[in-house]
Amino acid sequence: MKTLLPTSTAGSLPKPSWLAQPETLWSPWKLNGEALTEGKQDALRLALLEQQRAGIDIVSDGEQTRQHFVTTFIEHLDGVDFEKRETVRIRDRYEANVPTVVGAVARRTSVFVEDAAFLRRHTDQPIKWALPGPMTMIDTLYDSHYKSREQLAWEFAAILNQEARELQAAGVDIIQFDEPAFNVFFDEVNDWGVAALERAVEGLTCETAVHICYGYGIQANTDWKKTLGHEWRQYEDVFPRLQASSLDIISLECHNSHVPLELLELIRGKKVMVGAIDVANPAIETPEAVADTLRKALQFVDAEHLYPCTNCGMAPLPRSVAQGKLRALSAGADIVRRELSAR
């Protein structure tokens, strides 16, 4: 990126109320058929416009065409039965009724490529596109076929690689894999999780990122955070392996968290998307608060490698709050840019 401190969002943005129920995850669509297709495209255009008006440098689809960051991708795959559901603990944190893997998983056709091409036709800005990571995918399902978390992860990695290659061909500049599960299953991350993620990015020439956070601002996540103590050192277990990986960018949660920023030293040399917006708090940050988080991160991340971002997706927030937070992110980054330029 030629822009110093290029801003972006970690993932989702709130959907318009005419498309889906606001401030709700897994909200059912309010439209059907051709009207739904048009509605999704209108929402995508609107999300793009809101990012542009806020001054965001690297834009995304805001996940406007999907109900959920994991399950929407899985819905398009063979081998997963959404009618046959089982209760599992997601992220070893809360129970959910999830689909079942009943046979060999496979991708017959692209999932998001048409959406990405649509977005590319509407902007010349760099585009980041998020996909679920292999470990987070397996943690959102019940597996009655492979009966091996690792084997299923490798199968999903190959499928994700197919999708990622087509997204790259459609004009996506950064492909991000969302892996909140990396903050929980540390032994698996180091044994095979990062390796599976590297399989997902194999052969890509666009930039690749992994997003690891402490989750959406929903009750199950905020309750879990209260159990983590005064220092959140989960990143310490996975950063060394990620620093040695082929991934270009590591996206993480910083603002209003208890993550010791000195842990960023463990990934020195990587590009880092520093979360400078708290998605679990509806209060809109001041630009100065954003700038303060970025200044602290600059002690451990070279300026040319620092990408200001949000801590996570903002789908559960009111649209007006998300818009205000985007403006604060852009303004805070601009403060620090001016400071760096004056040196």
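Colleague: What angle does helix α8 make with β7, and how is that angle defined?

Modeller: Helix α8 (residues 235-243) lies across β6 (207-212) and β7, running at about 170° to β7. Axes are lines fitted to C-alpha atoms, for helices over the stretch in contact (heavy atoms within 4.5 Å), and angles run from 0 to 180 degrees between N-to-C directions, so a value of about 170° falls towards the upper end of that range. Helices (H or I, at least four residues) and strands (E, at least two) are DSSP runs, numbered from the N terminus. Helix α5 (residues 149-169) lies across β3 and β5 (174-178), and runs at about 170° to β3.

This is a predicted model, in which local features need pLDDT of at least 70 and side-chain atom pairs count only at pLDDT 80 or more, while totals for chains, interfaces and linings use all residues. Residues are numbered from 1 along each chain as its sequence is written, and side-chain values use heavy atoms, with hydrogens and water left out.

Colleague: What makes β7 and β8 a pair?

Modeller: Strands β7 (residues 249-253) and β8 (residues 271-275) are joined in the parallel sense over five bridges, and DSSP must find at least two for strands to pair, so the criterion is met. Within this pairing, S251 stands opposite M273 in β8.

Colleague: Which strands are the edges of the sheet, and why are they called that?

Modeller: The open sheet has six strands in the order β3-β5-β6-β7-β8-β9, with parallel pairing; β3 (128-132) and β9 (306-309) are its edge strands, as each pairs on one side only. Neighbouring strands are turned by 25° against each other on average, direction ignored.

Colleague: Why is the pair of F73 and F112 called tilted?

Modeller: Their rings lie 6.1 Å apart centre to centre with 40° between the planes; rings of Phe, Tyr and Trp (its six-membered ring) pair if their centres lie within 6.5 Å, and planes under 30 degrees apart count as stacked, over 60 as edge-to-face and the rest as tilted, so this pair is tilted. F73 belongs to helix α2 (residues 71-75), whereas F112 is in the loop between β2 (94-107) and α3 (113-121), 39 residues apart.

Colleague: How do you know whether F73 and F112 are buried or exposed?

Modeller: Relative accessible area is 0% for F73 and 1% for F112; buried means under 20%, exposed over 50%, partly exposed in between (1.4 Å probe, protein chains only), so both residues are buried. The rings of F112 and W129 form a further tilted pair, with centres 6.2 Å apart and planes at 45°, and ring pairs link F73, F112 and W129 into a cluster.
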